[in-house]
Amino acid sequence: MIFEQVNRITNIPTGNRPSRIILLSVFTLFCLFCSSAAAKLLLDLDNPNLGKMPIMVADFHSGQPGSPNGADMASIVKNDLTFSGLFEIIPAPQPLPMNQNGEPDINALSKTGAQALIMGSFQVNGNQLTIEAKLYDIALQKLDLGKRYTGAITDYRYMIHMFDDRVMEKITNIAGCFTAKIAFTDDSRTREIFTMDYDGANLRQLTNTRTINLSPAWAPDGKGLIFTSYINRNPDLWYVTSDGQRVIPVSQRRGLNASGRFSPDGSMIALSLSVKSIPKLFIINTQGNIIKQLTNGLGNDISPTWSPDGANIAYVSDQAGTPQIYTVPVNGGEPKRVTLSSSYNTDPDWSPRGDQLAFTAKVDGRFQICVIKPDGSDFKVLTNKGSNQDPSWSPDGRMITYQSNLDGAKRISVMDAKGTVQAPVSGIPGRSPAWSPRLK
C-alpha cells in the first residue's frame with residue numbers, strides 16, 4: 001500500500017490501484033516561500049529551441065541508516081530526469097546549505113546556476129517507508145511541489161518514480177511515465193515474455209510456455225498483453241494477463257496470426273492473417289471475430305500500428321519490392337506510402353501525439369531507429385552506433401525503447417525522443433520491446 005500526500009489535507013482517497021498499489025490519497029499543494037511573482041517553473045515543449053533546464057538533486061536524508069539509502073533515491077530521480085532529455089543535472093553541494101528553519105538556503109543555491117532543486121527525506125517504521133519529496137523553484141525562491149508517500153520498503157523505487165511523474169507534470173504540463181512498464185521477449189530459444197520497469201529494475205518473467213513467443217503489445221488498460229505464440233505449433237495470437245496468471249487464445253486461424261495491436265479504445269485488434277499464404281492486414285474484435293480485411297494485393301502486409309485517434313493504421317508492405325511503411329484509413333481508402341529514403345523500413349510505431357512514426361531503417365548498411373511525420377516529411381535518424389530495431393514510444397511521447405547491440409549484447413535500450421540520451425536498461429538480452437500505457 002502506497003499513500004501519496006501533499007500538505008494541508010483537503011480530501012481523501014480517490015480510488016484503488018489494481019495491483020500492489022492499493023490506495024492513493026491526494027492532498028493540496030503547500031508553499032513555504034510563496035512568491036508574488038507571476039513567472040513559474042515551466043518548459044515549453046513546443047519551443048523548437050528549447051534548452052535543458054539545469055536542476056539540482058540532493059541526496060534524500062534520514063536519521064535512520066540502512067537500506068534504502070538517500071543516495072539511491074536521488075540517483076533514481078537523476079536517472080528519470082536525464083532520460084527525459086529535458087534536464088541538465090547540476091551537482092548538489094554536500095552537505096546542502098540549510099537555513100534556520102530547516103529548509104534549503106535558496107539564496108546560496110542560486111549561485112550554482114541551478115534553476116530548480118529536488119530534495120527529500122524518508123522514515124522507516126517496521127516494513128513501512130514514508131518518503132517526503134519536494135521540488136523548489138530556485139529563481140522564485142518557493143516550494144513548487146511537495147509530496148509524501150507511504151508504502152512497503154520494497155516499493156521505494158516506485159514511490160520515487162511517482163514523484164518524478166508529478167515533477168514532469170508540474171514543469172511541462174504533461175504527466176511523466178516513469179511508473180510505466182516495458183514488456184519484451186528474451187533472447188533464449190523459447191523467447192519467453194518478461195516485464196520490467198522502464199529503467200530495467202524489477203525484471204519479471206510473465207510467460208512460461210516453453211515455446212517461441214513474439215511481438216508483445218499492451219492492452220490500452222494495461223491489464224494484459226497480446227502476443228504471437230507457437231503454443232499449439234502454429235503462430236496464433238494469445239492474450240496474457242499482466243500478472244501472468246491467465247493465457248487465453250484470441251485468434252487461431254490456420255497460417256499466420258501475427259503482430260496484433262489493440263485499437264486505442266481497446267475494442268479492436270489489427271493483425272496479419274494469411275490469405276493464400278500471403279499475410280494481409282485484418283481487424284478483429286477482442287473475441288477473435290473478423291470485422292474487416294484492411295489490405296489487398298500481392299504484397300506481404302505486416303506490423304500494424306494505430307494512430308492515436310484510431311482513424312489510420314501504419315504498416316509494412318513489400319508490394320513495391322522492398323519493405324516500406326504505408327498508412328491506410330481504417331474506414332476505407334487507398335494506402336499511402338510514407339517512406340522513400342531507404343530500401344528497408346520496418347517496425348513502425350505511431351507516437352502518442354500522432355505527429356511522428358518511429359521505425360527501423362537500414363542506414364549505411366546497419367539498422368537504425370528513425371522518425372518521420374505520417375505525411376512522409378521530416379525524416380530523422382536518431383541512432384548511429386550499433387544495430388538498433390523495434391522502437392516503441394513511451395505513453396508521454398518523450399522516450400523510445402528499442403532493441404540495441406550498442407554494448408555488444410542484444411539488449412533493450414531507452415532514449416529520449418530526440419536521441420540525445422541513449423542507454424541499455426535490460427539486465428538480460430531481449431527484443432521486441434513494448435512500452436505499457438500509464439498504469440493505474
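## Strands, pockets and one threonine

β6 and strand β7 (residues 128–137) pair in the antiparallel sense over 10 bridges. The model discussed here is predicted.

Trainee: Which residue in β7 is the bridge partner of valine 124?
Mentor: Start with the pair of strands. β6 runs antiparallel to β7. Across that pairing, the partner of valine 124 is leucine 129.

Trainee: Which residue takes a positive phi in the hairpin of β6 and β7?
Mentor: Look at the turn. Two residues lie between the strands of this hairpin. One residue there has a phi near 65 degrees, and that is glycine 126.

Trainee: In what sense do β4 and β6 pair?
Mentor: β4 covers residues 53–57, and β6 covers residues 116–125. In β6, alanine 116 is the bridge partner of isoleucine 55. The two strands share three bridges, and their sense is parallel.

Trainee: Which strands stand at the edges of the sheet β20-β21-β22-β23?
Mentor: Four strands make up this open sheet, with antiparallel pairing. An edge strand here has a single partner, so one of its sides is left without a neighbour in the sheet. That describes β20 and β23 (336–337).

Trainee: Which residue in β22 stands opposite isoleucine 313?
Mentor: Go to the pairing of β21 (residues 312–317) with β22 (residues 324–329). It is antiparallel and has six bridges. Opposite isoleucine 313 stands valine 328.

Trainee: Which are the edge strands in the open sheet of seven strands?
Mentor: The order is β11-β10-β9-β31-β30-β29-β28, with antiparallel pairing. Each edge strand pairs on one side only. The edges are β11 and β28.

Trainee: What is the bridge partner of isoleucine 400 in β30?
Mentor: Strand β29 spans residues 399–404, and strand β30 spans residues 411–416. They pair in the antiparallel sense over six bridges. In β30, isoleucine 400 is matched with methionine 415.

Trainee: Is threonine 211 buried or exposed?
Mentor: First, place the residue: threonine 211 sits in the loop between β11 (204–205) and β12. Its relative accessible area is 17%. The cut-off for buried is under 20%. So threonine 211 counts as buried.

Trainee: Which residue has its backbone oxygen 3.3 Å from a polar atom of the side chain of threonine 211?
Mentor: Begin with the contacts. Leaving out residues up to four places away in sequence, threonine 211 touches Thr190, Arg191, Glu192, Ser229, Tyr230 and Ile231. The backbone oxygen at 3.3 Å belongs to tyrosine 230.

Trainee: What is the volume of the largest pocket?
Mentor: Take the lining before the volume. The lining has 49 residues, and Pro216, Ala217, Arg261, Pro304 and Asp349 lie nearest the centre. Strands that each supply at least two lining residues include β12 (213–218), β16 (257–262) and β31 (422–435). The volume is about 1,400 Å³.

Trainee: How many charged residues are in the lining of the largest pocket?
Mentor: Sort the lining by class. Nonpolar residues number 28, and polar residues number 15. The charged residues number six.

Trainee: What is the volume of the second largest pocket, and how many charged residues line it?
Mentor: The second largest pocket has a volume of about 790 Å³. Its lining holds 29 residues, with Leu45, Arg353, Gln356, Ala417 and Lys418 closest to the centre. By class, 10 are nonpolar and eight are polar. The charged residues number 11.

Conventions:
Residues are numbered from 1 along each chain as its sequence is written. This is a predicted model: local features need pLDDT of at least 70, side-chain atom pairs count only at pLDDT 80 or more; totals for chains, interfaces and linings use all residues. Side-chain values use heavy atoms; hydrogens and water are left out. On a 1 Å grid over the protein atoms alone, a cavity is a set of points where a 1.4 Å probe fits but cannot get out, and a pocket is an open set with protein on both sides within 12 Å along at least five of seven lines; lining residues have an atom within 4 Å of a point. Grid points are joined across faces, edges and corners, and a volume is the space filled by probe spheres set on the points. Ala, Val, Leu, Ile, Met, Phe, Trp, Tyr, Cys and Pro count as nonpolar, Asp, Glu, Lys and Arg as charged, and the others, Gly among them, as polar. Buried means under 20% relative accessible area, exposed over 50%, partly exposed in between (1.4 Å probe, protein chains only). A polar contact is a pair of N or O atoms within 3.5 Å; within protein, one must be able to donate a hydrogen and the other to accept it, and residues adjacent in sequence count only if both atoms are side-chain atoms. Contact means heavy atoms within 4.5 Å. Two strands pair if DSSP finds at least two bridges between them.
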